[in-house]
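Colleague: I should be grateful for a close look at the aromatic side chains of this predicted model. Please take the contacts of the rings in turn.

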Amino acid sequence: MKGKAIVVILLIIVVLAGGAGGYVWSMIRPVEASTEPVVFEIKSGSGTSKIADQLQEEGLIRSGLTFKGYLKWKKLGSNFMAGTYSMNPGVTYDEIVSKLSSGEVVPEEMVKFTIPEGYNVLQMAGKLSYEHVVDRDEFIKLANDPSAFDVDIIKDIPVDEELRYVLEGYLFPETYELKKGSSTHDVMQRMLEEFQTKINSIPDLEAKLQEKNLSLHELLTIASLVEKEVVVDEERALVAGVIYNRINQDMKLEIDATVQYLLDRPKERLFFKDLKVKSPYNTYLNKGLPPGPIASPSLPSIEAALNPEASEYLFYVTKKDGSSGHLFAKTYKEHQQNIAKSKAAQ
């Protein structure tokens, strides 16, 4: 009898163990497969216990308790990453663990936009507002509030009430990609960071500025004039040289682009009355540089302003032959002759 009792007890243990094993196996099995993905977010700081319960609530596993035990048995889960995930019901434990460990999150929806070279603050605000990237009024307001941004290089912008927009020239023209829903501030912060990156890429910048007795702000102002005046890349450094020559000879720059900057809408052709607009930006009325940049210059224009081509030229006029190049002159008489040549080529 005693031997029979032992056999019965052993049989009971085996049955119970088999039942427990069967239960665990049934809990580990994937849930019913579906083509409809479940999108969920694992928040930063979530432990494996919370994640397991969340997976059960989302219908991706049968039992949070079993999943916790599985992770403990396999010594997994310590490197699960926060983020938004997408999984289809029917995935295995191993597939879930792999996704959470590798951070295979749902790609964030992005917005892409381009700031053309030579655009000014108003043009940027208008373009990006039209494309639903920024709020136009907020963009313009922030362009006069550099303290709102965390970028070291803009801290040296001079305090000058004559500046139309303090950040003019510092919002780098480039193609950007940001998370959809980024704020106007986020967009401008990114543009300023790109400006700092590009400026930092210029070799010996500080030494060259000291050599020319220029501030970065003045350099950007010259670069913006070059950007607005030049279409043919090969002429950038030569036009920059003309600007320096005129400044050194105490001549007014008389650059049309500085007058165009003052207009709500640029004109195809300026009239004599336009050149009399009273403003510190009007280089037909004032000697020297305007208070600040009149647009966002490209890196080639900044480099041209830093390394101007030496010449004796003091004048240039746009060719009217469709080439977009210029005719250069050393004297006013030669300049008048070039103007006549340009008109004759129309």
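To begin with, which residue lies over the face of Y261, and at what distance from the ring centre?

Modeller: That residue is R164, which is placed 5.0 Å from the centre of the Y261 ring. A charge over a ring also occurs at W73, where the charged end of K74 sits 5.1 Å from the ring centre. W73 in turn belongs to an aromatic cluster, together with F67, Y70 and Y93.

Turning to ring-ring contacts, the model, which is a prediction, contains 10 aromatic pairs. One of these is formed by Y70 and Y93, with 5.0 Å between the ring centres. The angle between their planes is 70 degrees, and the arrangement counts as edge-to-face because it exceeds the 60 degrees required. Y70 belongs to helix α3 (residues 64-74) and Y93 to helix α4 (residues 93-102), so that this pair links distant parts of the chain, 23 residues apart. Y70 counts as buried because its relative accessibility of 9% is under the 20% limit. Y93 is likewise buried, its relative accessible area being 4%.

A further edge-to-face pair consists of Y170 and F195, whose centres are 5.2 Å apart and whose planes make an angle of 65 degrees. Y170 is found in the loop between α6 (136-142) and β4 (175-179), whereas F195 lies in helix α7 (residues 184-200); the pair therefore ties together parts separated by 25 residues in sequence. Both Y170 and F195 are buried.

Conventions: Residues are numbered from 1 along each chain as its sequence is written. This is a predicted model: local features need pLDDT of at least 70, side-chain atom pairs count only at pLDDT 80 or more; totals for chains, interfaces and linings use all residues. Side-chain values use heavy atoms; hydrogens and water are left out. Rings of Phe, Tyr and Trp (its six-membered ring) pair if their centres lie within 6.5 Å; planes under 30 degrees apart count as stacked, over 60 as edge-to-face and the rest as tilted. Helices (H or I, at least four residues) and strands (E, at least two) are DSSP runs, numbered from the N terminus. Buried means under 20% relative accessible area, exposed over 50%, partly exposed in between (1.4 Å probe, protein chains only). A charge sits over a ring if NZ of Lys or CZ of Arg is within 6 Å of the ring centre and within 35 degrees of the ring normal.
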